[in-house]
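Visitor: Could you pick one spot in this structure and take me through it slowly? I'd like to see what sits around it, and then how that spot fits into the rest of the chain.

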Amino acid sequence: MTDPPTPGVYYSATGKKTFVPLENNPAVFTSLIHHLGVSPALTFHDIYSLTDPALLSLVPRPTHALIFISPSKVYHRVRSHDADGKELRDAGSGPDENVMWFKQTIGNACGLIALLHAVANGSAREFVKAGSALEGILQAAEPLKPVERARLLYDSVALERAHMAVAVQGDTVAPIAAEHVGYHFICFVKGRDGHLWELEGGWEGPIDRGVLREGEDVLSERALEAGVRRYVRAAEGNVDFSVVALAGEMEE
């Protein structure tokens with residue numbers, strides 16, 4: 001007996017599963033990771049400036065991950081400098097891999113994949129609850145190569161239902177699943193090797209952006225220069241982007 005279809009999920013003429021896109025909203029992102037099994041101690045926060053120390057100080061530290069939402073043209077402008085593969089590292093598998101990377105095969109799931117990258121890696125991984133749906137997904141994914149990992153996510157009913165449960169939340173009317181979204185969700189995390197890693201499910205694997213020193217998180221000056229600010233510079237004045245941070249609650 002098969003599971004009933006999840007309301008809102010669309011299958012294209014070629015049979016590709018497609019989700020309703022997530023609204024670019026920290027509250028929606030937070031709701032989804034909590035649905036999946038991340039501790040309430042972690043939440044997403046808007047970042048209002050990448051240069052103003054006062055505004056950056058509003059983000060709790062340590063910051064476990066950053067998600068940069070990039071217009072397609074800016075994304076491809078940066079990717080054109082990565083196409084020679086010099087910075088690309090092969091996606092690995094198993095307990096010794098520096099980062100867990102997921103290839104995106106579900107339509108309009110770039111936000112979901114970015115959230116998985118944020119909570120599956122670095123210090124955020126410690127906040128995944130034992131026995132949760134997310135822990136089960138990550139444990140099953142760990143020994144798999146990229147193609148098999150992608151299939152695991154594609155076939156996961158728990159992931160599908162959690163996504164759809166929050167996709168209709170937010171401040172705007174949710175688009176239909178068949179609607180194309182022209183943005184890329186790029187996640188930055190600190191890997192097991194202490195490097196800054198750039199993760200995006202539409203690329204060919206994780207990208208190593210260089211070493212971070214002990215005590216430096218993804219919101220450190222070194223990490224911002226090697227990561228998010230590359231996209232801001234490539235935007236050439238286009239401000240149609242946003243950045244959110246995964247961190248704890250701000251202390252009173």
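Guide: Let's start at His-45, which, leaving aside its neighbours within four places in sequence, is in contact with Pro-26, Pro-60, Val-243, Val-244, Ala-245, Ala-247 and Gly-248. Keep in mind as we go that this is a predicted model. His-45 belongs to strand β3. Is His-45 buried or exposed? The relative accessible area of His-45 is 15%, and buried means under 20%, so His-45 counts as buried. There's a polar contact here too: a polar atom of the His-45 side chain lies 2.8 Å from the backbone oxygen of Gly-248.

Now follow one of those contacts, Pro-26. Pro-26 is one of the buried residues in helix α1, and that helix is the part I'd like to dwell on. Helix α1 covers residues 26–36, and 8 of its 11 residues are buried, so you can call the helix mostly covered. Besides Pro-26, the buried ones are Val-28, Phe-29, Thr-30, Ser-31, Leu-32, Ile-33 and Leu-36. Here's a handy bit of background for reading a list like that: an α-helix has 3.6 residues a turn, so residues three or four places apart point the same way.

What do the buried residues of α1 pack against? Their partners are three strands, β3 (43–46), β5 (183–190) and β8, along with three helices, α4 (110–120), α5 (133–141) and α7 (157–167). Notice that β3 is in that list, the strand where we found His-45.

Take a look at the two ends of α1 as well. At the N-terminal end, Asn-25 acts as a cap, with a side-chain oxygen 2.8 Å from the backbone nitrogen of Ala-27. Just after the helix comes Gly-37, with a positive phi of about 125 degrees.

Next, zoom in on Phe-29, one of the buried residues of α1. Two rings can form an aromatic pair, and the count for this model comes to 5 such pairs. A pair like this is described by the distance of the centres and the angle of the planes. For Phe-29 and Phe-185, the ring centres are 6.3 Å apart and the planes sit at 70 degrees, so this pair is edge-to-face. Phe-29 is in helix α1 while Phe-185 is in strand β5, so the pair ties together parts that are 156 residues apart in sequence. Both of these residues are buried.

For a second pair to set beside it, try Phe-68 and Tyr-231: the centres are 5.3 Å apart and the planes are at 35 degrees, so this one is tilted. This pair also links distant parts of the chain, with Phe-68 in strand β4 (residues 65–71), Tyr-231 in helix α9 (residues 228–235), and their positions 163 residues apart. Phe-68 is buried, with a relative accessible area of 0%, and Tyr-231 is buried with a value of 0% too. Ring pairs also join Phe-68 and Tyr-231 with Phe-188 and Phe-241 into a cluster.

Back to the partners of α1, one of which is helix α7. The buried residues of α7 are Leu-159, Glu-160, Ala-162, His-163, Met-164, Val-166 and Ala-167. The elements covering them include α1 itself, plus β2 (17–18), α4, α5 and α6 (146–155). At the start of α7, Ser-156 has a side-chain oxygen that reaches to within 3.1 Å of the backbone nitrogen of Leu-159.

Finally, step back and see the whole chain. There are 9 helices and 8 strands, and 53% of the 252 residues count as buried. Among contacts with a separation of 6 or more, residues 24 or more positions apart account for 74%; the link from Phe-29 to Phe-185, 156 residues apart, shows you what such a distant pairing looks like. On the outside, the chain exposes about 11900 Å², with carbon and sulfur atoms supplying 54% of it. One piece of the surface is a nonpolar patch of about 410 Å², made by Tyr-48, Leu-55, Leu-58 and Met-250. Met-250 sits in the segment after β8 (242–247), and Met-250 counts as partly exposed because its relative accessibility is 40%.

Note on methods: Residues numbered from 1 in each chain as written. Predicted model: local features only at pLDDT ≥ 70, side-chain atom pairs only at ≥ 80, totals over all residues. Heavy atoms only, no water. Patch = residues over 30% accessible without salt bridge, like charges linked within 9 Å, V, L, I, M, F, W, Y side chains within 5 Å. Areas by Shrake-Rupley, 256 points an atom, 1.4 Å probe, with all protein chains shown as cover. Salt bridge = Lys/Arg side-chain N within 4 Å of Asp/Glu carboxyl O. Helix = DSSP H or I, 4+ residues; strand = E, 2+ residues; numbered from the N terminus. Buried < 20%, exposed > 50% of the residue type's maximum accessible area, 1.4 Å probe, protein only. Contact = heavy atoms within 4.5 Å. Polar contact = N/O pair within 3.5 Å; in protein donor to acceptor, adjacent residues only side chain to side chain. Phe/Tyr/Trp six-rings, centres within 6.5 Å; stacked < 30°, edge-to-face > 60°.
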